[in-house]
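The following exercises are to be worked through with the sequence and the coordinates at hand. Each task is followed by a solution in steps.

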Amino acid sequence: MSLTLDGTSGVTFTDSTLVGTSNSMGMRNRIINGNMAIDQRNSGASQTFTAAAALAYSVDRWYGYCTGANVTGVQVDNTGTTASPSQYAYQFTGAASVTAIGFAQRIEAVNCYDLANTTATLSVNLSNSLLTTVTWTAYYADTTDTFGTLASPTRTQIATGTFTVTSTLTRYSTQISIPAAATTGIEIVFTVGAQTSGTWVIGNVQLEVGSVATPFERRMYQQ
């Protein structure tokens, strides 16, 4: 690996297999609490998401919702996993008649303004004991930091896609072309369909500039 220092670009690594992008030294991840470690609302206790209700916040910065029937969500112990190991993940438990579950984060414009007109990489740990497809969708707010409600969204879709998942927690990634207009805040939404039983686990979510998924960025608890 070689390293270049200059007065304009700062520090540049030329070995992309190690760092992935030229500006990946620290604070790469635009997602806050991507490892689900901070849960000030529930202190690790489970919560109920009410079907067809307004979005409900869960672990810090993350909200969930469901349709068809209520579901429960909880911060879970994730130690021992080999997929980008982390202490915690977030788990939804399905229920009869559920038609969809969503889990999402809205990133303030001040934290993602520079992603506009670039390629970004989204990476995440996922498993599902019932379903084999998790859909991801990226949006930007129509006005700065104003995304609307579930019933009346004020956002524009950037891109969407799917991950084919299994019951084993595995790391997945995808590239997203962020449009020049996306200077007003970005929303990342993960969804599944009829989770009528079983569990859906999500962890170590990362959104970063560049076309390579780098290792999950861990921050000190205080940060």
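**Exercise 1**

In which sense do β10 and β11 pair, and over how many bridges?

*Solution.* The model examined here is predicted. Step 1: β10 and β11 pair in the antiparallel sense. Step 2: the pairing extends over 9 bridges. Step 3: a particular bridge can be located, since the partner of Thr137 in β11 is Thr160.

**Exercise 2**

Place this pair of strands in its sheet, and identify the edge strands.

*Solution.* Step 1: the sheet is open and consists of 6 strands in the order β4-β5-β8-β13-β10-β11, with antiparallel pairing. Step 2: the edge strands, each of which pairs on one side only, are β4 (56–57) and β11 (155–164).

**Exercise 3**

Describe the surroundings of Trp136, and decide whether this residue is buried or exposed.

*Solution.* Step 1: Trp136 belongs to strand β10, which covers residues 133–141. Step 2: its relative accessible area is 5%; buried means under 20%, and Trp136 is therefore buried. Step 3: with neighbours within four places in sequence left aside, the contacts of Trp136 include Thr160, Thr162, Phe163, Ile176 and Phe190. Step 4: Gly102 is 34 residues away from Trp136 in sequence, and their C-alpha atoms are 9.6 Å apart in space.

**Exercise 4**

Give the strand order of the open sheet that contains β7 and β14, and examine the pairing of these two strands.

*Solution.* Step 1: the order of the 6 strands is β3-β6-β7-β14-β9-β12, and the pairing is antiparallel. Step 2: β3 (47–49) and β12 (170–177) are the edge strands, each pairing on one side only. Step 3: from one strand to the next, the twist averages 30 degrees. Step 4: β7 (residues 88–93) and β14 (residues 199–209) are joined in the antiparallel sense over 4 bridges. Step 5: Tyr90 stands opposite Ile202 in β14.

**Exercise 5**

Classify two of the aromatic pairs by geometry, and state the burial of each ring's residue.

*Solution.* Step 1: a search of the whole structure yields 9 aromatic pairs. Step 2: Tyr57 and Tyr63 are 5.9 Å apart, centre to centre, with 70 degrees between the planes, and form an edge-to-face pair. Step 3: Tyr57 counts as partly exposed because its relative accessibility is 34%, whereas Tyr63, at 1%, is buried. Step 4: the ring centres of Phe92 and Phe103 lie 5.4 Å apart and the planes stand at 80 degrees, so this pair is edge-to-face. Step 5: the pair links distant parts of the chain, with Phe92 in strand β7 and Phe103 in strand β8 (residues 100–107), 11 residues apart. Step 6: Phe92 is buried at a relative accessible area of 0%, and Phe103 is buried with a value of 0%. Step 7: Phe92 and Phe103 belong to one aromatic cluster with Phe49, Trp62, Tyr90 and Trp200.

**Exercise 6**

Which residues have the most contacts inside the largest nonpolar core?

*Solution.* Step 1: the core in question has 42 residues. Step 2: Phe190 and Trp200 have the most contacts inside it. Step 3: β14 contributes the largest share of this core, 5 residues. Step 4: another core, of 6 residues, lies apart from it, and Val74, Val76, Ala89 and Val201 are among its members.

**Exercise 7**

Which residue lies over the face of Tyr139?

*Solution.* Arg155 takes this position, at 3.7 Å from the ring centre.

Note on methods:
Residues are numbered from 1 along each chain as its sequence is written. This is a predicted model: local features need pLDDT of at least 70, side-chain atom pairs count only at pLDDT 80 or more; totals for chains, interfaces and linings use all residues. Side-chain values use heavy atoms; hydrogens and water are left out. Two strands pair if DSSP finds at least two bridges between them. Axes are lines fitted to C-alpha atoms, for helices over the stretch in contact, and angles run from 0 to 180 degrees between N-to-C directions. Rings of Phe, Tyr and Trp (its six-membered ring) pair if their centres lie within 6.5 Å; planes under 30 degrees apart count as stacked, over 60 as edge-to-face and the rest as tilted. Buried means under 20% relative accessible area, exposed over 50%, partly exposed in between (1.4 Å probe, protein chains only). A charge sits over a ring if NZ of Lys or CZ of Arg is within 6 Å of the ring centre and within 35 degrees of the ring normal. A nonpolar core is a set of buried Ala, Val, Leu, Ile, Met, Phe, Trp, Tyr and Cys residues joined through side-chain atoms within 4.5 Å. Contact means heavy atoms within 4.5 Å.
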